[in-house]
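Trainee: I have a structure open beside its sequence, and I would like to learn how to read it. Could we go through a few features together?

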Amino acid sequence: MSKARNRFTVAEKRDIVSQLRRLGAEGRPPPEHIRAVAAQYGVTTRAVNLWLRDETLTGETSTSGETPPKGFRVDVDMLTVVGNEQNRRTAYEKLRAAGIVNVAYSTFCRAVNDVDPSLVGAALKGQKALVGNRMYLKTVAPHRGWVYHLDHTQLDLFIAPSHRHTKRVVRPWVTVIVDGATGLLWAFPWYRPVNGSMVAAALASVCTRQEYRGTVVGGVPEQVVLDNAGEHFTEQMAAAVTRIGTIMTPTHARSSWQNGKAERAIGLLMRRFADRAPGAINAGEARDGGSRYLENTRGNTDPATLWTARTFERTLQNTVDEINSEIPMKRHGGLTRIEAWRRDQTELRFITDLAARLVALPTAKDTYKATKGGISFNGHDYVHEDLHVGRRYKVRFLPTQTDFIEVFSEDDKHIARAWRSDAIPAEERKKFLAARARIERDAKAIESGLQAARAHQAALDNADPRDDSGTGDVDLLGALDGTNDERAHVKALPKKKRVRAARETRMAPDLAFLQEHLGYLNEKKEDEA
């Protein structure tokens with residue numbers, strides 16, 4: 001006989017009951033089996049029979065469909081008292097004084113611990129604790145480009161002022177967009193509070209075709225998850241989403257976990273970027289309680305100790321590149337974000353040129369002059385065959401999209417999409433060189449025609465005959481058409497009319513010759529083509 005045990009766990013009791021029910025017909029074990037099991041575990045047959053009738057151990061439910069609770073349980077009224085007192089001890093004393101609770105304090109605490117943590121959190125801390133302690137059904141993106149998560153925040157750092165932004169130190173903003181399936185991250189810096197046009201431009205920038213570390217990224221998602229910020233519901237944002245060809249999926253109010261991928265991306269940028277910056281706000285305190293790297297009065301901070309705007313943008317992009325290409329992810333089997341994107345071969349759908357043009361942001365500067373190197377914008381030169389050197393144009397752009405800009409005339413007519421000279425696509429490069437070669441051929445044709453016309457004019461002037469009177473008057477009409485019938489008529493005209501008639505008569509064969517020469521050159525050019 002086994003040594004008797006004082007207590008058995010619920011799991012052990014269920015194993016014993018399950019063993020006995022398998023030995024008997026229809027789950028009713030014979031008495032000899034009950035006695036054998038009782039002797040094996042050192043308990044009485046009465047205890048084993050109680051286990052067999054316990055519905056919580058057999059897995060069967062009562063006829064009412066509910067298993068009646070056993071022992072002391074905390075109900076909603078008791079939790080209301082706990083929430084009012086904000087202390088279990090004083091709540092227990094009040095409940096015991098009112099005769100509602102007649103158990104020991106330790107039993108009361110165990111009963112409170114058995115309640116769903118979300119309900120206890122709701123009683124003590126309210127809605128935030130309720131939603132932060134309950135379980136949810138996760139939605140898993142089936143492939144890349146299925147859903148983008150979007151959010152923005154003000155970074156915990158300051159940068160040096162710029163003449164384009166302000167004369168004071170600047171606390172910049174950032175918009176992040178994260179692919180739901182792979183976690184691929186895009187970040188867009190701003191120097192003023194984000195509005196709907198800026199968010200729309202950032203989304204359109206991600207939806208364009210981009211070459212990133214040897215991989216084509218971007219594309220239009222099926223949906224965009226974002227929170228209920230006011231800038232997400234402006235007319236500009238609604239129009240941009242319609243033009244791009246996707247839908248917005250706003251989260252519920254005060255439900256940041258529904259956009260958790262974007263929230264975690266912002267936290268990652270804060271830790272790996274903002275907290276390491278020279279002007280970090282939350283990277284340690286000084287003795288006076290202020291930031292370790294900033295003066296308490298921001299205007300007294302030396303700009304030389306902070307990042308410039310250009311350094312800030314470059315370092316932000318380097319941090320994004322590090323996150324995308326160097327951090328392995330467990331859910332991708334150790335692959336980085338860009339490797340997971342590259343492995344997913346789902347077809348991508350990109351934004352149309354017209355939609356990108358309509359969503360692009362205008363520049364702070366009114367116009368830009370086209371030079372021989374193109375239009376200089378943000379440190380790059382942009383070229384196109386339809387841009388004319390010396391003219392001024394308006395420019396619209398997509399944030400972080402440095403490959404191209406949209407060029408408009410001064411009266412807001414679209415001219416072309418100008419490409420960065422060192423990143424121009426092969427097809428656009430061929431078009432640019434072909435247009436330049438065409439202009440070169442036309443210029444040569446004009447030059448050859450002018451030279452031939454001047455030579456023809458010289459030949460006519462040198463062969464010009466004199467009239468019979470010997471006065472030196474030139475018989476222009478007779479010399480050009482081979483007849484002298486109109487000589488008397490010409491000499492009878494006033495001097496001004498004679499000169500005009502001579503000029504018109506001389507120009508006629510010159511123009512005819514020039515047209516004939518240019519026609520010959522055009523035919524020759526077509527034959528060569």
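Mentor: Gladly! Keep in mind that this is a predicted model. Let's begin at the end of a helix: just after H11, Gly245 has a positive phi of about 95°.

Trainee: Which residues of helix H11 are buried?

Mentor: The general idea comes from helix geometry. An α-helix has 3.6 residues a turn, so residues three or four places apart point the same way. In H11, which spans residues 235-244, the buried ones are Met237, Ala240, Val241 and Ile244. They cover an arc of only 100° around the axis, so they sit on the same side of H11.

Trainee: Which exposed residues are on the face turned away from the buried side of H11?

Mentor: That face carries Glu235 and Thr242.

Trainee: And what do the buried residues of H11 pack against?

Mentor: Their partners are two helices, H10 (196-207) and H15 (353-359), along with strands S6 (223-226) and S7 (247-250).

Trainee: H10 sounds worth following. Which element gives the most to the largest nonpolar core?

Mentor: Start with the core itself. It has 52 residues, and those touching the most other members are Ile177, Trp186, Leu203, Ile351, Ile375 and Ile405. H10 gives the most to this core, with nine residues. A second, separate core of 25 residues includes Leu155, Leu157, Ala187 and Phe273.

Trainee: Which residues does Ile351 touch?

Mentor: Leaving out residues up to four places away in sequence, Ile351 touches Ala204, Cys207, Thr208, Val220, Ile244 and Ala356. You have met Ile244 already, as one of the buried residues of H11.

Trainee: Now for open space. Which residues lie nearest the centre of the second largest pocket?

Mentor: A good way to read a pocket is to take its volume, then its lining. The second largest pocket holds about 1,200 Å³ of space. Its lining has 40 residues, with Lys138, Thr139, His149, Lys261 and Arg264 nearest the centre. By type, the lining divides into 18 nonpolar, 14 polar and eight charged residues.

Trainee: Where does the largest share of that lining come from?

Mentor: From H12, which supplies six residues. Elements that each supply at least two residues include strand S1 (147-154), helix H12 (260-272) and helix H14 (337-343). S6 and S7 do so too, and both also pack against the buried residues of H11.

Trainee: How should I read a loop residue such as Tyr136? Which residues does Tyr136 touch?

Mentor: Place it first, then look at its accessibility and contacts. Tyr136 lies in the loop between helix H9 (127-132) and S1. It is partly exposed, with a relative accessible area of 36%. Beyond residues up to four places away in sequence, Tyr136 touches Val131 and Trp257. Tyr136 and Trp257 are 121 residues apart along the chain, yet their C-alpha atoms are separated by 10.0 Å.

Trainee: Back to phi, then. Where does Arg213, with its positive phi, lie?

Mentor: Most residues other than glycine have a negative phi. Arg213 is not a glycine, but its phi is positive, about 55°. It lies in the loop between strands S4 (210-212) and S5 (215-217). Its relative accessibility is 48%, so Arg213 counts as partly exposed.

Trainee: And what is the phi of Asp412?

Mentor: Phi of Asp412 is near 70°, again positive in a residue other than glycine. Asp412 lies in the loop between strands S13 (404-408) and S14 (414-420). At 52% relative accessibility, Asp412 counts as exposed, because the cut-off is over 50%.

Notes:
Residues are numbered from 1 along each chain as its sequence is written. This is a predicted model: local features need pLDDT of at least 70, side-chain atom pairs count only at pLDDT 80 or more; totals for chains, interfaces and linings use all residues. Side-chain values use heavy atoms; hydrogens and water are left out. Buried means under 20% relative accessible area, exposed over 50%, partly exposed in between (1.4 Å probe, protein chains only). Helices (H or I, at least four residues) and strands (E, at least two) are DSSP runs, numbered from the N terminus. The arc is that of the directions from the helix axis to the C-beta atoms. Contact means heavy atoms within 4.5 Å. A nonpolar core is a set of buried Ala, Val, Leu, Ile, Met, Phe, Trp, Tyr and Cys residues joined through side-chain atoms within 4.5 Å. On a 1 Å grid over the protein atoms alone, a cavity is a set of points where a 1.4 Å probe fits but cannot get out, and a pocket is an open set with protein on both sides within 12 Å along at least five of seven lines; lining residues have an atom within 4 Å of a point. Grid points are joined across faces, edges and corners, and a volume is the space filled by probe spheres set on the points. Ala, Val, Leu, Ile, Met, Phe, Trp, Tyr, Cys and Pro count as nonpolar, Asp, Glu, Lys and Arg as charged, and the others, Gly among them, as polar.
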